[in-house]
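Trainee: I should like to go through this structure with you, one topic at a time. May we begin with how contacts are to be read?

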Amino acid sequence: MIVSEHIDQLKNSLSELKKQQANAKIGFVPTMGALHEGHLSLVQKALEQTDIVVVSVFVNPSQFNDKGDLDKYPRTIEADKKLLEKVGAHILFLPSENVMYPDGIPDYKIDFEGIDKVMEGQFRAGHFKGVAMIVERLFDTVQADKAYFGLKDFQQVAIIKQMVKQRKINIEIVPVATVRSPKGLALSSRNQLLSDEQKEEALIIYQTLQKGKEWAKEIRDAGQLKSKMIHHFQQGSLKLEYLEIVDPNSLQPLKEMNEQAHCCIAAYCGNVRLIDNLSLS
Ligand code: AMP
C-alpha cells in the first residue's frame, strides 16, 4: 500500500497505478480513521467494484462544532495502516491540516435544500457544511469514479448526494449497509470511548429501532409511533437528543407512516454521542 501525505504525491501515485492498468476505475473511501469493520466493509465494496482503491484518513476540524469532541476523537493511525494493508487498499491518503486547508478553513456556501436543517443539522451547527467542504476537496483531489459512504450516517449520505448534484461532480455515490456488533450496536470509532458497561447500555438504541419496526406493522400514525419509541428508549440510561421518523429522501418528519418511513436516533451515552437509524418498513 502506498501512503501519500501530499496532494502531488497522491496524484503521482494514482497516475503510476493507472499506467499499469488501462481504464482502471478509481474507488474512494473517505474516513476519519480509528478504523473498524464498518470502514473496512466500505473498502471491501470498493475493491469489488473498482480497480484502484484510495482510502483517506483525515480528522476534519471544520466538521466538529465542539472542540472537546475534536480533541478526544480517537486517532489510531498505525493500527489503521495495518488494517488497510491487510484488506488490500492500494493508496492511503493521509493529509495534514495544512495540506487540506493551506489558507485556513475557508467560507463555504452551498444550498442543501433543507436537508441540513433537521436532525443532525439542528444539533450540530455547521457540521454538514464542514463535511461537504472536505468531501468536495477530497473528490477534487482524488478524481474517483465511485465513492463509498456508510448508511450508519444516513443524513450524511443525503448531504453528499446533494453536494455532488449542486456542484455537478461526475462521481457515483455508493451507500453501504451499517455494520453492527453481534448484539446490534452500530460500529463507530466513538465506541472506543465507551466502557464495556456503556456498550451494553448503548444497545437500547438498536433495540428501540427494532421495536419501532415491529410496531410499525400496526401503528400508522407516525407521531404515535414516535412517542411509543421514545417511551421505550427512556427505559434505558442514555440521554436522547432526537428520535425522528422521516421520509428518507427529504428527511422531513412524517405524519403518516408509509413504506419508506425511516427512523433516526441520536443520543448520549455518558459524554459520547452516538447515532443510528433503521428503515421501519
Ligand atoms: P468516519 O470515519 O466516522 O467519518 O466514517 C467514514 C465512513 O465510514 C463514513 O461513510 C461512515 O458512514 C462509514 N461508517 C462508519 N461506521 C460504519 C458502520 N458501522 N457501518 C458502515 N459504515 C460505517
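Mentor: Contact means that heavy atoms lie within 4.5 Å. Please keep in mind that this is a predicted model.

Trainee: With that meaning, which residues does Ser13 touch, not counting residues up to four places away in sequence?

Mentor: Ser13 is found in helix α1, residues 7-20. Once residues up to four places away in sequence are set aside, the residues that Ser13 touches are Ile2, Ser4 and Ile91.

Trainee: Does Ser13 count as buried or exposed?

Mentor: Buried means under 20% relative accessible area. The relative accessibility of Ser13 is 11%, so Ser13 counts as buried.

Trainee: Which residues touch the most other members of the largest nonpolar core?

Mentor: This core holds 47 residues. Helix α7 (residues 127-142) gives the most to this core, with 9 residues. The residues that touch the most other members are Val54 and Phe139.

Trainee: Which residues are in contact with Val54, leaving aside its neighbours within four places in sequence?

Mentor: Val54 is one of the two residues named for the core. Leaving aside its neighbours within four places in sequence, the contacts of Val54 are Leu10, Leu14, Ile26, Gly27, Phe28, Val29, Ile91, Phe93 and Val142.

Trainee: How many residues are in the other core that lies apart from it?

Mentor: Among the members of this other core are Leu185, Leu194, Ala216 and Cys269. Its number of residues is 29.

Trainee: What covers the buried residues of α2?

Mentor: Helix α2 (residues 37-49) has 13 residues and reaches 18 Å from its first C-alpha to its last, close to the 18 Å expected. Its buried residues are Gly38, His39, Leu40, Ser41, Leu42, Val43 and Ala46. What covers them includes β2, β3, α4, β5 and β6.

Trainee: Why does Phe64 count as buried?

Mentor: Phe64 is placed in the loop between β3 and α3. Leaving aside neighbours within four places in sequence, Phe64 is in contact with Met32, Val59, Asp69, Leu70, Tyr73 and Arg190. Phe64 counts as buried because its relative accessibility is 10%.

Trainee: How much space lies in the largest pocket?

Mentor: The largest pocket is lined by 13 residues, of which Val157, Ala158, Lys161, Pro248 and Asn249 lie nearest its centre. Helix α8 (residues 154-167) gives the most to this lining, with 6 residues. The lining divides into 8 nonpolar, 2 polar and 3 charged residues. The space in the largest pocket is about 220 Å³.

Definitions and conventions
Residues numbered from 1 in each chain as written. Predicted model: local features only at pLDDT ≥ 70, side-chain atom pairs only at ≥ 80, totals over all residues. Heavy atoms only, no water. Core = buried A, V, L, I, M, F, W, Y, C linked by side-chain atoms within 4.5 Å. Buried < 20%, exposed > 50% of the residue type's maximum accessible area, 1.4 Å probe, protein only. Helix = DSSP H or I, 4+ residues; strand = E, 2+ residues; numbered from the N terminus. 1 Å grid on protein atoms, 1.4 Å probe; cavity = no way out; pocket = protein on both sides within 12 Å on 5 of 7 lines; lining within 4 Å. Points joined across faces, edges and corners; volume = space filled by probe spheres on them. Nonpolar A, V, L, I, M, F, W, Y, C, P; charged D, E, K, R; others polar. Expected span 1.5 Å × (residues − 1).
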